[in-house]
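Hi,

Here is the structure I said I would pass on. Have a look at it first, and my notes follow underneath.

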Amino acid sequence: MTQPTQPSPNTGPGPGPQPPSRPAEAQKIGELLRTPGYRKTLVFCGLMGIPVSLAAFWFLAGLQKLESLVWVDLPHALGHDTPPWWWPLPLLLLSGICVGQIVTRFPGAGGHIPAAGLQPGGTGAAALPGVVLAAVFSLPLGATLGPEAPLIALGGGLAIALRHLTGTPETPTSTMLLGVAGAAAAIATIFGNPLIAAVLIMEIVGVGGPQLFAVMLPALLSSGIGSLVFTGFGRWTGLKTGDLSLKGSGMHFPRLDVGDVVWSILLAMVLAVGVYLVFRGGRMVAARVAERPLTVTALCALAAGVCAAAYTLGTGRSPAEVASSGQATMAELAGDPHAWGVGALIAVLLCKGAAFSLCLGSLRGGPIFPSLFLGAAAGVLCAPLPGLGIGAALAAGMAAAAVSAMRLPVSSVVLVVLVLGSTEMIPMAILAAVVAFVTVELLPPSPPVPPVGPLPHPAAPAP
C-alpha cells in the first residue's frame, strides 16, 4: 500500500506556509531590465545628468552672484555697511511686479506655486523660460524662498527637452522617468549629495503610495527609540553590541537625557502647528493672487518687504535675515547662537514666518531652506530650557519644521543630518520628524491652491 504523496510547498495548495513573493518581484525586475526601451531610457538618464547638472550649477551660481550684488555690493557702493531698513521695499516691489507679469504671460506660470509644496519634475520645455525668469526676479531680490523648486522644474524640463533632441520614444513612462531623473540631477547640486536628492525625489513622486508612509512611520519611530537605548540615554550606559562603525574607540558622543527627549517632542508639536499656519496663510494668499494676479502679487511682495524692514527697525540687524532663503543666516545662527538675543530670535521667527507665508502664495521658489531656518531659530530660542542641549534643539527644530513643510519624513531626517554634518543627533531628528508629521496630518486640511496661468486672450468680436 503506497503512502499518499504530500503536496509540494512550492507547487500545490495546502495548509503549510505559502511561497514568498520576493522571487516573483525579482522576476519582474529582471523582465523590466531586459526590455530594450527601459535600458535605453536608463542609459539616456545617466548621460543627460551631465548637461542637467551643469545647467543647474550655473543657474545656482548666477542666483548667488545676483544676490551678492544686490545685498552686498550695491549697499557698499552707496556707503552702507549693511543694507538699510528700507532696502527690501523697492526690491520686493519690483520682484512682485515682474513675477506677476511672468506668471500671467509666460507658459507654465513661472513654475509651481510654493504654497502647494514640492512637485515632481516634468515641466515642459516651453515653460523653462518662465521658470528661470520667475526665480531670477524672486530669489535675489529678497523672496523668503529657496531655489529647490525652480531647480526641480529646470532639471525635469531640460531632461524632457533633451529627449526630443535625441529622438527617444515619447511614452508616459519615459516622460515620467526622464522628468524625475532630471529633477534629481538638478537638486543634487544644491545639497551636494546625491543620496538626499534621490530620497527626496522618491518621496515627492510618492513611490509606494500611502502604504509606504503607514509602514515607514512606525519603522522610523522604533529605530529612533532603539538608537537611544543603544547609544546611551541619560545616565544609562547604553548597551554594547557589534556594529559596522569604523569610528575609533576614543570617539565620544553626547549623551541625550530625558529633558532632550521631552522638550524636543513638545518643540516638534509647536513647530508643526506654526509651520502649518504659515502654509495655510500661503494658500490663502495664493487664492487672492489667482483672483487678481498682477496687483495682489505686487502687494504681497511689498508686504514681505515691510516684514523685513520692520525686523531691522526693531532689532537693528540686517533685513537680509528675513528677506532671503535663510541658508547663509542659518550657518551663522548655528555657528554662534549666543550672538542672537531672545528678542532678535522672537522677531526673526515672527517676521520671517509672515514674509515666508506671503511669498509662498505670490512669488516663486521652494520651501525647504526657510523652513529649516525657522526650525533652527526656534531650536536656538528653546535651547536654554532646563535639560535641553543646543544640539538636540537644533536637530529637533529643523526636522520638525522641514517635515511640516514638505510632509516627507525620511527626506527631512536625512536632510537635517546632512545640514548638521553629524549623525549623533539622528534619534532626536527622527522623534521630532515623526511627532511633527503626525501632528500636522491630524490638523484640518488647508484649502487647495488654485491654478494661476497666462491671461486669456480677449475674445474676438461676434460677427
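Before the helix pairs, one definition: two residues are in contact when heavy atoms lie within 4.5 Å. Also keep in mind that this is a predicted model.

With that cut-off, Pro409, Val413, Val416 and Val417 in H15 meet a set in H16 made up of Ile426, Ala429, Ile430, Ala433 and Phe437. Sorted by class, this contact comes out as 9 nonpolar residues, with no polar and no charged ones. As for geometry, H15 covers residues 409-420 and H16 residues 426-442, and their axes come within 9 Å, crossing at roughly 145 degrees. The crossing is right-handed.

The other pair I looked at is H9 (residues 258-291) with H13 (residues 368-382): the axes come within 11 Å and cross at roughly 140 degrees. H9 passes H13 in a right-handed crossing too. On the H9 side you'll find Leu267, Leu271 and Phe279, which meet Ser371, Leu374, Gly375, Ala378, Gly379 and Cys382 in H13. Here the class count is 6 nonpolar, 3 polar and no charged residues.

Now for the whole protein. How many helices and strands does the secondary structure come to? The count is 16 helices and 0 strands. The protein has 463 residues, and 46% of them count as buried. Taking contacts between residues at least 6 apart in sequence, 78% join residues at least 24 apart. The accessible surface comes to about 22,400 Å², with 69% of that belonging to carbon and sulfur atoms.

Cheers

Conventions
Residues are numbered from 1 along each chain as its sequence is written. This is a predicted model: local features need pLDDT of at least 70, side-chain atom pairs count only at pLDDT 80 or more; totals for chains, interfaces and linings use all residues. Side-chain values use heavy atoms; hydrogens and water are left out. Helices (H or I, at least four residues) and strands (E, at least two) are DSSP runs, numbered from the N terminus. Buried means under 20% relative accessible area, exposed over 50%, partly exposed in between (1.4 Å probe, protein chains only). Accessible areas come from the Shrake-Rupley method with a 1.4 Å probe; for residues, only the protein chains shown count as cover. Axes are lines fitted to C-alpha atoms, for helices over the stretch in contact, and angles run from 0 to 180 degrees between N-to-C directions. A crossing is left-handed if the near helix is turned anticlockwise from the far one by less than a right angle, and right-handed if clockwise. Ala, Val, Leu, Ile, Met, Phe, Trp, Tyr, Cys and Pro count as nonpolar, Asp, Glu, Lys and Arg as charged, and the others, Gly among them, as polar.
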